[in-house]
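User: I'd like a close look at one part of this model, starting with the loops and then working inward. Keep it relaxed, but walk me through it step by step.

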Amino acid sequence: MECRILRILRQQRLEDHCEENGAVPATIAILDGVPCIGLTTEELEILARLGSKARKTASRDIYTCCRENGATTVSATMYLASKVGIPVFVTGGIGGVHRHGENTMDISSDLTELGNTPVAVISAGIKSILDIPRTLEYLETQRVTVAAYKTDEFPAFFTQTSGCKAPARVESPEHCARVIDANVRLERKSGILIAVPIPREHSASGSLIESAIQQALQEAREKKITGNAETPFLLARVNELTGGASLASNIALVKNNASIGAKIAVSLSQLQKHSNKRL
Ligand SMILES: O=c1[nH]cc([C@@H]2O[C@H](COP(=O)(O)O)[C@@H](O)[C@H]2O)c(=O)[nH]1
């Protein structure tokens, strides 16, 4: 019960962060088979009560999620956002190329959706449960514009650094808005990934989380957990192993992403008032 209420409050607080920064938020999910853009408190409550029982819905699953409730992944959320003209979408972290992906071919459809859908996704980068260098390579193949926010290095979700240089650097919400606007003007059909490092005060100890990730990966291999079950398993296990530290960091970085994403959306809207073009 307490957990359910906490989840609703968290989501509402995320929407508050967007509103406080001048943007209009719309949480996206599938309720009873219907894609919903913007949820009421009651609808948020339905999702919160379901928790992990809500169907994990990637973009390919939207049409087969009949009469079900679906928690949309990055791929499905950006697809639905693009359909209603929402140009900026905030999340925690995106999916990517899984470790050993060169053998398993396990590559998140988030990456191909980013290649095909002109929406800007604001995230804290990619968790090191994934293969970050290969994910960046694959994003390049998909023609996705990737930029890190106020840093030269691509962030690794719980930590500010990944050891990988970001393909580009953006300095401010206005700078991001200009990049997004240029994407529209050049009629590129692919998306943009803006990677915002977790605020330093919330970055959990990198080595603590890295060893939890190693253990979780080992357990996933032993239990033969693969495909779309792998990410939820790894995220839950890393949270258990870090005694909740990873979840606390996760919440902090999503709030930060919501604030920065909202500022980007406002800047973009102001810019586009002049250019009179929309995504
Ligand atoms: O750090 C994270 N990575 C991935 C996810 C979720 O997992 C999805 C990717 O899953 P898969 O690897 O099965 O495509 C993402 O779109 C997102 O919904 C997440 O919440 N946090």
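Analyst: Let's start with a cut-off: a residue counts as exposed when its relative accessible area is over 50%, and as buried when that value is under 20%. Keep in mind as we go that this is a predicted model.

Now take K150, which sits in the loop between β7 (145–149) and β8 (169–170). Its relative accessibility is 51%, so K150 counts as exposed. The backbone is worth a look too, since K150 has a positive phi of about 60° without being a glycine.

Another loop has something similar to show. E187 lies between α7 (173–185) and β9 (192–195), and E187 also has a positive phi, about 55°, although it is not a glycine. With a relative accessible area of 55%, E187 is exposed because that value is over the 50% mark.

One more loop residue is K53, found between α2 (41–50) and β3 (55–57). K53 has a relative accessibility of 73%, so it goes down as exposed. If you want a sense of distance, the C-alpha atoms of K53 and P155 are separated by 30 Å, with the two residues 102 apart along the chain.

Going inward, the largest nonpolar core has 45 residues, and I94, V121, L139, F154 and L193 are the ones that touch the most other members. Helix α8 gives the most to this core, with six residues. Apart from it there is another core of 15 residues, including V170, I180, I192 and I194. As a general point, nonpolar side chains in soluble globular proteins tend to be buried together.

Helix α8 turns up again at the second largest pocket, where its stretch of residues 206–222 gives the most to the lining, with three residues. That pocket has a volume of about 210 Å³. It is lined by 13 residues, and R99, T104, R221, T226 and E230 are the closest to its centre. Sorted by class, the lining has five charged, five polar and three nonpolar residues.

That leaves the ligand. There are 14 residues around it, with K56, V74, S108, D110 and K127 coming nearest. For S108, a polar side-chain atom lies 2.7 Å from a ligand oxygen atom. V74 uses its backbone instead, with an N or O atom 2.8 Å from an oxygen atom of the ligand. H98 has a polar side-chain atom 3.3 Å from a ligand oxygen atom.

Terms used: Residues are numbered from 1 along each chain as its sequence is written. This is a predicted model: local features need pLDDT of at least 70, side-chain atom pairs count only at pLDDT 80 or more; totals for chains, interfaces and linings use all residues. Side-chain values use heavy atoms; hydrogens and water are left out. On a 1 Å grid over the protein atoms alone, a cavity is a set of points where a 1.4 Å probe fits but cannot get out, and a pocket is an open set with protein on both sides within 12 Å along at least five of seven lines; lining residues have an atom within 4 Å of a point. Grid points are joined across faces, edges and corners, and a volume is the space filled by probe spheres set on the points. Helices (H or I, at least four residues) and strands (E, at least two) are DSSP runs, numbered from the N terminus. Ala, Val, Leu, Ile, Met, Phe, Trp, Tyr, Cys and Pro count as nonpolar, Asp, Glu, Lys and Arg as charged, and the others, Gly among them, as polar. A nonpolar core is a set of buried Ala, Val, Leu, Ile, Met, Phe, Trp, Tyr and Cys residues joined through side-chain atoms within 4.5 Å. Buried means under 20% relative accessible area, exposed over 50%, partly exposed in between (1.4 Å probe, protein chains only). A residue is near a molecule or strand if one of its heavy atoms lies within 4 Å of it. A polar contact is a pair of N or O atoms within 3.5 Å; within protein, one must be able to donate a hydrogen and the other to accept it, and residues adjacent in sequence count only if both atoms are side-chain atoms.
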